[in-house]
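Trainee: I have just opened a structure that is new to me, and I would like to learn how to read it. Could you walk me through it, one feature at a time?

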Amino acid sequence: MKKKKELVISLVLIAVLIGILRLMEINISPQSKWAMLMTVLKKGSIYALVAVSMNLLNGFTGLFSLGQAGFMMIGAYTYAIFTIPADQREMVYMYYNGGIVKFAIPAICGVLLAGVFAAFFAFLIGIPVLRLKSDYLAIATLGFAEIMRALFQWDTLGPLTNGSNMLRSYPTPASASVIYPFVVSGVCIAVIVLMINSTYGRAFKAIRDDEIAAEAMGINLAHHKRIAFTVSSFFAGISGALLAMFQTNVQAKSFNSAMTYEILLIVVIGGIGSVTGSVISSFLFIACSEWLLRFLDEQHVIGEFTVPLMRSGFRKVVFSIIIMVIVLFFRQGIMGTREFSISGILNKISGRSRKAQKGEPK
Amino acid sequence: MEWLSRNLPYLLAGISVGGQYALIAIGYTMVYGILRLINFAHGDIFMVAGLMMVYLSASLPIYVSIPLVIVLTVLIGFTVERVAYKPLRSAPRMSVMISAIGVSYLLQNLALYITGGLAQQYPAIPWISDQITVFGASTKRVTVITPFLTIILVVLLVALIKNTKIGMAMRAASKDFETSQLMGIKINSVISMTFIIGSFLAAIGSLLFFSNYTGVTPTIGTMPGLKAFVAAVFGGIGSIPGAVIGAFIIGICENLVMMANQYVSIDISNFKDAFAFLLLIIILFFKPTGLFGEKQTDKV
């Protein structure tokens with residue numbers, strides 16, 4: 001009964017959210033100063049997905065992996081390579097005689113294929129890498145991401161990846177509408193949450209808390225680690241495909257280690273081990289870095305007084321100081337390991353009103 | 001002889017860049033040995049040292065700016081530890097690592113703000129930056145000096161760790177952090193000392209590195225930093241000789257890739273950076289704790 005009620009409320013809220021997004025999309029023109037908000041919502045939802053996928057690995061399974069940007073890159077490239085319309089290929093692959101892929105698949109199949117390819121690579125990489133522990137695992141996955149990046153820029157693979165030139169002209173539904181990335185990310189995050197709440201999720205948490213104890217309880221360590229790594233990369237690949245759509249072009253050099261660090265920062269600021277925390281913090285992170293602090297980059301004159309320091313680049317300095325403050329003083333992140341849930345809020349409200357009825361102090 | 005003059009520049013460059021990586025790698029390995037922290041900001045401290053040299057040498061004579069850069073870099077390393085890492089000493093390891101990433105982000109953005117994103121031309125240091133000819137191969141004098149200077153500094157460092165009181169404290173702290181505290185070792189000063197030594201060597205490394213590769217950009221510290229860390233892990237993190245040997249191997253190997261590039265028909269030059277990681281993954285596959293990881297060599 002209670003579960004049913006929760007489900008109904010969530011569905012209603014999701015419908016309301018989509019409705020609001022649609023309304024905003026219709027009413028906000030690209031010239032208005034709120035146009036940035038749409039960008040933030042699009043990019044934020046994409047980062048939310050990759051942050052949750054990283055959290056699945058770092059927060060729930062305790063595998064410290066830094067390969068996320070690499071898997072995003074595989075996803076982005078897979079999507080771009082297979083969805084560029086056949087008549088555009090001659091122009092995109094102009095240095096490689098139109099490339100070797102001569103067909104195009106529909107966008108949504110491209111997104112799925114992006115996930116599958118990323119997962120496949122993760123499976124292969126996982127065989128040697130997942131035997132390593134903690135920091136060694138981190139540096140090895142980071143290393144693989146860098147090797148991948150070099151590979152994708154390799155001239156010899158040019159007919160497939162267009163070398164170090166960018167891929168473009170593919171369909172970009174996630175850039176056209178804000179609802180597309182929201183729905184795709186939302187569905188993917190829902191799947192991750194279902195997985196976390198399943199027996200697999202419980203096994204992951206057991207591995208995170210104590211590998212030896214988990215093994216003693218009959219959990220196959222290698223098997224579960226491999227599943228966590230592959231699934232996480234699958235969703236990183238999908239978010240890479242979404243990012244490719246959002247950016248409308250793909251270039252391997254942007255998927256560097258700095259990008260992985262950014263995602264890691266989002267995960268930690270949201271709270272390691274909290275899915276909703278990752279989602280909230282990715283929107284906040286993107287909003288701050290792309291939109292809210294923009295005014296710091298411009299020169300301001302109040303009367304005779306010119307505000308000092310404010311010029312291009314100052315936004316990023318302030319932003320990194322904010323991050324340092326959060327890291328130093330709010331170690332648990334926004335949510336810690338708690339989750340934001342509707343029933344929790346409902347309970348709190350009803351609990352409070354009950355207390356108010358009884359006339360008790362809060 | 002022709003073979004030599006054709007390939008010697010690559011070998012020389014390899015040995016030289018290996019020495020520069022070694023100087024950075026020592027900072028990583030010492031900090032890791034004591035705090036179990038990957039100090040992601042170390043590569044950016046290296047970059048900041050280069051940038052300070054650019055700005056200071058514009059207004060001061062070179063013999064004043066070099067010592068000043070070294071002192072300031074040491075000061076920055078010390079401050080970063082006190083402000084960003086010390087408050088988190090009892091926090092989980094992940095928090096400290098995130099703090100390090102935060103510092104790295106801050107330093108890069110500060111550099112971006114100050115430079116405006118343009119590559120700054122590193123000043124030519126007299127004598128060091130002069131062109132010389134070795135066995136018919138023309139190169140800068142810094143290429144020849146680097147390995148010798150590196151080895152001298154490493155020998156001095158090892159002597160310091162072996163023979164002095166603070167060195168003994170460092171060894172104790174790296175062996176067992178908690179117990180060494182109970183034994184009355186002032187852990188904070190030991191850690192500060194580690195950062196001071198690390199930043200000092202990074203400053204020297206930046207002097208040598210940027211004399212060869214003269215464009216200083218805000219993100220230039222990332223790759224050498226990452227490779228130096230890879231070198232430290234390669235050699236077995238926590239071990240100073242391991243880090244130095246690892247750094248030389250990685251420096252030489254990445255230039256061997258460039259050398260091999262002359263002879264093969266397909267272009268493999270963009271695997272120069274990736275090759276270090278490939279080596280690391282191969283060594284970790286066979287020895288999961290690096291080359292000298294298991295044997296507890298004089299670990300700091």
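Mentor: Gladly! Let us begin with a term: a salt bridge is a side-chain nitrogen of Lys or Arg within 4 Å of a carboxyl oxygen of Asp or Glu. Here the side chains of E254(B) and K227(B) meet in such a bridge, at 3.1 Å from N to O. This pair links distant parts of the chain, with E254(B) in helix α10 of chain B and K227(B) in helix α9 of chain B, 27 residues apart. Helices (H or I, at least four residues) and strands (E, at least two) are DSSP runs, numbered from the N terminus.

Trainee: Before we go on, what should I know about the model and its labels?

Mentor: This is a predicted model, where local features need pLDDT of at least 70 and side-chain atom pairs count only at pLDDT 80 or more, while totals for chains, interfaces and linings use all residues. Residues are numbered from 1 along each chain as its sequence is written, chains are lettered from A and ligands numbered from 1 in the order in which they are written, and side-chain values use heavy atoms, with hydrogens and water left out.

Trainee: Are E254(B) and K227(B) buried or exposed?

Mentor: Buried means under 20% relative accessible area, exposed over 50%, and partly exposed in between (1.4 Å probe, protein chains only). Both E254(B) and K227(B) are buried. Salt bridges that share partners join K227(B), E254(B), K272(B) and D273(B) into one network.

Trainee: How many salt bridges are there over all chains?

Mentor: A search of the whole structure gives 12. One of them pairs E25(A) with R22(A), at 2.7 Å from N to O. These two residues lie in helix α1 (residues 2-27) of chain A, three residues apart, about one turn of the helix. E25(A) counts as buried because its relative accessibility is 18%, whereas R22(A), at 43%, counts as partly exposed.

Mentor: Helix α6 of chain A offers another case, with R149(A) and E146(A) three residues apart, about one turn of the helix. Their closest N and O atoms are 2.7 Å apart, and both residues are buried.

Trainee: Now for the two chains together. How do I read an interface?

Mentor: The size of an interface is often given as the accessible area lost when the parts come together. Buried area is that loss (1.4 Å probe), summed over both parts. Chain A and chain B bury about 4,000 Å² between them, 75% of it on carbon and sulfur atoms. Contact means heavy atoms within 4.5 Å, and 45 residues of chain A are in contact with 47 residues of chain B.

Trainee: Which residues form the salt bridge between the chains?

Mentor: The rule finds one salt bridge across this interface. R93(B) forms it with D135(A), the closest N and O atoms being 2.5 Å apart. The elements that give two or more residues to the side of chain A that touches chain B are α6 (134-152), α13 (257-270) and α15 (314-329) of chain A. Of these, α6(A) gives the most, with 12 residues.

Trainee: How do I check a helix for myself?

Mentor: The expected span is 1.5 Å times one less than the number of residues. Take helix α11 (residues 272-286) of chain B: its 15 residues should span 21 Å, and its end C-alpha atoms are 22 Å apart, which agrees. Its buried residues include F277(B), L280(B) and L284(B). What covers the buried residues of α11(B) includes α6 of chain A together with α9 (222-234) and α10 (240-261) of chain B.

Trainee: Can we finish with a single residue, T73(B)? Which helix does T73(B) lie in?

Mentor: T73(B) lies in helix α3 (residues 62-85) of chain B. T73(B) is buried, because its relative accessible area is 1%. Leaving aside neighbours within four places in sequence, T73(B) is in contact with I45(B), A49(B), M52(B), S199(B) and A203(B). The side chain of T73(B) also reaches the backbone oxygen of V69(B) at 2.6 Å.

Trainee: And a residue in a loop?

Mentor: Try R294(A), in the loop between α14 (275-292) and β3 (301-302) of chain A. R294(A) is partly exposed, with a relative accessible area of 33%. Not counting residues up to four places away in sequence, R294(A) touches M36(A) and R315(A).

Conventions: Buried area is the accessible area (1.4 Å probe) that two parts lose on being put together, summed over both. A polar contact is a pair of N or O atoms within 3.5 Å; within protein, one must be able to donate a hydrogen and the other to accept it, and residues adjacent in sequence count only if both atoms are side-chain atoms.
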